[in-house]
Every structure is written in C-alpha cells, then in structure tokens.
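Please take a moment with the sequence and the model shown here before reading on. The paragraphs that follow lead from one residue outward to the cores, the helices and the loops.

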Amino acid sequence: MEQYIKVGIGVMILEGNKILLGHRAKNKKDTGGIYEVDCWTIPGGKQEYDETFWEGAKREVKEETNLNVEDLELFSITDDIQPDRHYLTVHIIAKKHSGELKIMEPTKEDEWKWFDLDNLPEKIYSPSKKFIEEYLEKEGQ
C-alpha cells in the first residue's frame, strides 16, 4: 500500500460562545478521511488539488452547511494519524457567517446544531475534539 499524507481542513464557525457541529450519520460511508461515525464534527473535509486551504475551507462549509464563511483565521495545524491513513489537518476559525443553515449532504451529516462551548456533546469526532480542546485551552475556558 502506497503511503502518503493528505490535507484535511476543519472550520470552527463561532457565533458568540457557540460553535456549529454536525452529527456524522451512523451509516456514513468511508470517504477516505479519518473514519468515525455517530459523533459530532465541525464542518470540513479534504483539500482539493489546485485550491488554497482558504478556498477549501469556504467550499467545504458551503457544500456541507449552505453557509458562507468570512473573516477566516488560521488557528493551528495538527497530525491526525490512524494505522492506514495520515492527515495534516488545518484548523481554521470563521468569525463571520451568512446564509441559511441546511443539511446539504444527509448521508454524511444528518443534523447541524449550535452548541455552547461550555456544554458540548460527549461524542466528538477526534480531529474536531483536538481542535476544540486546543481552542478552549488557548482561550482559558
């Protein structure tokens, strides 16, 4: 098996003290990313060839939530490694958003919901959990 690193993008959309999380469908197919189902995740996905990670962040959020994001900030980059895949995940914070929130890919995420940062769901997708914990630590929450 050929081994290589792919680039993932996660976008934390902030609205006051809340963040947007999507529920990863129980019957979600393995699309080649870090495969975890029946948990909550921030919007995101894989960077495509010939797009910047800024463009990828905007595209992924639009494809998944129908929202447009602006005022983007690079927060961090982490390694997400599993036995059969390795992702470099770019963590981006979106401070502004517009549009009507919709479930755009119901076979991937079957619900989108705003959560208080101090009252998050128990099961969070591991790359998203890493991002959220690092953000909360930095913000002193």
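Setting aside residues up to four places away in sequence, L21 touches W40, T41, I42, E111, W112, K113, F115, L120, P121 and I132. This contact list, like everything described here, comes from a predicted model.

L21 also belongs to the largest nonpolar core, which has 15 residues, and M12, I19, L21, I132 and Y135 are the ones that touch the most other members. Two or more residues of this core come from each of β1, β2 and α2, and α2 makes the greatest contribution, with four residues. A second core, separate from this one, has 13 residues, with I9, I13, L20 and A94 among them. In soluble globular proteins, nonpolar side chains tend to be buried together.

Helix α2, which gives the most to the largest core, runs over residues 126-139, and its 14 residues reach 20 Å from the first C-alpha to the last, close to the 20 Å expected at 1.5 Å a residue. Its buried residues are P127, S128, F131, I132, Y135 and L136. Because these cover an arc of only 165 degrees around the axis, they lie on the same side of α2. The elements that cover them include β1, β2, β3 (40-41), β5 and β6. Just after α2 comes G140, with a positive phi of about 75 degrees.

Two of these buried residues of α2, F131 and Y135, join F75 in one aromatic cluster, and the structure holds four aromatic pairs. Another ring, that of Y125, has the charged end of R24 sitting over it, 4.0 Å from the ring centre.

The other helix to consider is α1, residues 53-65, whose 13 residues should span 18 Å at 1.5 Å a residue, so the 18 Å between its end C-alpha atoms agrees with expectation. Within α1, the buried residues are G56, A57, R59, E60, V61, E64 and T65. Among the elements that cover them are β1 (5-15), β2 (18-24), β4 (44-46), β5 (68-82), β6 (85-98) and β7 (109-116).

The loops on either side of α1 each hold a residue with a backbone angle worth noting. Most residues other than glycine have a negative phi, and most peptide bonds are trans. D50, in the loop between β4 and α1, has a positive phi of about 70 degrees although it is not a glycine. N66, which follows α1 and is placed in the loop between α1 and β5, likewise has a positive phi of about 70 degrees without being a glycine. Are D50 and N66 buried or exposed? D50 has a relative accessibility of 71%, and because exposed means over 50%, D50 counts as exposed. N66 has a relative accessible area of 16%, and because buried means under 20%, N66 is buried.

A last stop is the loop between β1 and β2, where G16 is found. G16 counts as exposed, at 74% relative accessibility. Which residue, 100 residues apart from G16 along the chain, has its C-alpha 8.8 Å from that of G16? The residue is D116, and D116 lies within the range of β7 (109-116).

Terms used:
Residues numbered from 1 in each chain as written. Predicted model: local features only at pLDDT ≥ 70, side-chain atom pairs only at ≥ 80, totals over all residues. Heavy atoms only, no water. Expected span 1.5 Å × (residues − 1). Buried < 20%, exposed > 50% of the residue type's maximum accessible area, 1.4 Å probe, protein only. Contact = heavy atoms within 4.5 Å. Arc of directions from axis to C-beta. Phe/Tyr/Trp six-rings, centres within 6.5 Å; stacked < 30°, edge-to-face > 60°. Lys NZ or Arg CZ within 6 Å of the ring centre and 35° of its normal. Core = buried A, V, L, I, M, F, W, Y, C linked by side-chain atoms within 4.5 Å.
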